[in-house]
Amino acid sequence: MTSTSVKNNLLPPGLVSNLQEVLLSRKGGGGDGDQSKEPDEATEFSSSSSPAEAAGADDDSSKPIVLITNGDGIDAPGLTSLVEALVSQGLYNVHVCAPQSDKSVSGHSVTLRETVAVSSADIKGATGYEVSGTPADCVSLALSGALFSWSRPLLVISGINRGSSCGHHMFYSGVVAGAREAVISGVPSLSISLNWKKDESQEIHFKDAVAVCLPLINAAIRDIEKGIFPKNCSLNIEIPTLPLSNKGFKLTKQSIWRSTPTWQAVAANRYPAGHFMSNQQSLGIQLAQLGRDASAAGAARRLATQKKNVEIESTGAAGKTAPERVKKFFRLEFLDKEQDDVDEDLDFRALENGFVSVTPLSLSPNIEFEIHSAASDWISSALQREQ
């Protein structure tokens, strides 16, 4: 099955199946004139099968299904390194459904009342799709059964993110939202982030981060199959800046740490020098901004048209000009600040001290203690077995 047939197919899986059944039934009981055309028609539907059918065509059903998403976008090195490592093991059916551009601070937002575009992605050893939506969109779509031939993977992994997601950053984080969306649907999940520092980190550190967390991933998949992985929770894994120099895994609690949000006024031309590009920003960020601007411009034109129609229909409104409105532009940046909290069991503190922070996250604060205890027991036993 080629990726082209997946991309160009526009028929829902159910409709393709129904049409195939009709063609086969006609072949058995139709007239001679119809029979001469039916084999070609049936072949056509089969060769342009639905994305769900194509995605599962080459899968080994005996292997566990692992779904990968992220917040940085499908071409980000963190996701690439993680997928390569999982594929190379040959133990899992690896599927990828990730944003086509950077959505790392999209939080748990989803796309409503707009069409989400999905394109097949060329990922060696894995079935992949890039989505014009958020990480939460990607996981929700993947688990819906509309895209893949399955609707429930064994595990969802979101990451590896460029930059930590400790403390209150979890509420902004797209990578954590991807994992949280899986838990909402009843699927165990992990979110993984690398504590990226501008003047210290290198892309090779993503491969090192994978090497550090791969034993925990393998243990999670094995114990999910056995039914002994902690229920109703997601594990947020934070990896130190220099992954191979870590001091070991440490079970932590979510802190209230956050960077200081700072809003800066931007010149009226919207894109002053140095605003659009920096060495650390990907092309995806730029294209995403252009897309948002285009959408906003389109919405503004539609709104202006609606207002114009209303004014023409209103008595005495024609010919009046709208008062000039003041428009300003701002850009949000987060600045790191020193933290006074010295609790060694908090996520950001353990990360700063060189540990791999593992924080259990639940959907309900009422079961937080039980989740934390269950995760503590599991991590201790899992790491002992891996050693």
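Counting a residue as buried when its relative accessible area is under 20%, buried residues come to 42% of the 387 in this chain. The model is a predicted one, and its chain runs through 13 helices and 11 strands. Sequence-distant pairs dominate the contact list: among contacts with a separation of 6 or more, 80% join residues 24 or more positions apart. On the outside, the chain exposes about 21,000 Å², with carbon and sulfur atoms supplying 52% of that area.

Now for the inside. In soluble globular proteins, nonpolar side chains tend to be buried together. Here the largest nonpolar core has 47 residues, and the members that touch the most others are I68, L86, V96, I157, I217 and W378. Helix α10, spanning residues 204–226, is the top contributor to this core, with 12 residues. I157 makes a handy example of the packing. Leaving aside residues up to four places away in sequence, I157 touches V66, L67, I68, T69, L82, L86, L190, I192 and I217. A second core sits separate from this one; it has 15 residues, including C97, Y129, F148 and A182.

A182 leads on to helix α9, where it is one of the buried residues. This helix covers residues 174–184, and nine of its 11 residues are buried, so α9 is largely enclosed by the rest of the structure. Besides A182, the buried set holds G174, V175, V176, A177, G178, A179, E181 and V183. Both flanks of the helix have something to show. At the N-terminal end, S173 acts as a cap, with a side-chain oxygen 3.3 Å from the backbone nitrogen of V175. Just past the helix, G186 adopts a positive phi of about 85°.

Not everything nonpolar is tucked away. V105, Y172, W263, F330, L332 and F334 make up a nonpolar surface patch of about 630 Å². Strand β10 (residues 329–335) supplies the largest share of the patch, three residues. L332 is located in this strand, and its relative accessibility of 35% means that it counts as partly exposed.

Turning to charged pairs, the salt-bridge count is four. In one of them, the side chains of E84 and K207 meet at 3.1 Å, N to O. Since E84 belongs to helix α6 (residues 77–89) and K207 to helix α10, the pair ties together parts 123 residues apart in sequence. E84 is partly exposed at 43% relative accessibility, and K207 is likewise partly exposed at 43%.

Another salt bridge links E203 with R162, whose closest N and O atoms are 3.8 Å apart. E203 lies in the loop between β6 (189–194) and α10, while R162 lies in strand β5 (residues 155–162), so this pair ties together parts that are 41 residues apart in sequence. E203 has a relative accessible area of 48% and is partly exposed; R162, at 27%, also counts as partly exposed.

The pair D223 and R222 forms a salt bridge too, with 3.6 Å between the closest N and O atoms. Here the two partners contrast in burial: D223 is buried, with a relative accessible area of 0%, whereas R222 is partly exposed at 25%.

Conventions: Residues numbered from 1 in each chain as written. Predicted model: local features only at pLDDT ≥ 70, side-chain atom pairs only at ≥ 80, totals over all residues. Heavy atoms only, no water. Buried < 20%, exposed > 50% of the residue type's maximum accessible area, 1.4 Å probe, protein only. Helix = DSSP H or I, 4+ residues; strand = E, 2+ residues; numbered from the N terminus. Polar contact = N/O pair within 3.5 Å; in protein donor to acceptor, adjacent residues only side chain to side chain. Core = buried A, V, L, I, M, F, W, Y, C linked by side-chain atoms within 4.5 Å. Contact = heavy atoms within 4.5 Å. Patch = residues over 30% accessible without salt bridge, like charges linked within 9 Å, V, L, I, M, F, W, Y side chains within 5 Å. Areas by Shrake-Rupley, 256 points an atom, 1.4 Å probe, with all protein chains shown as cover.
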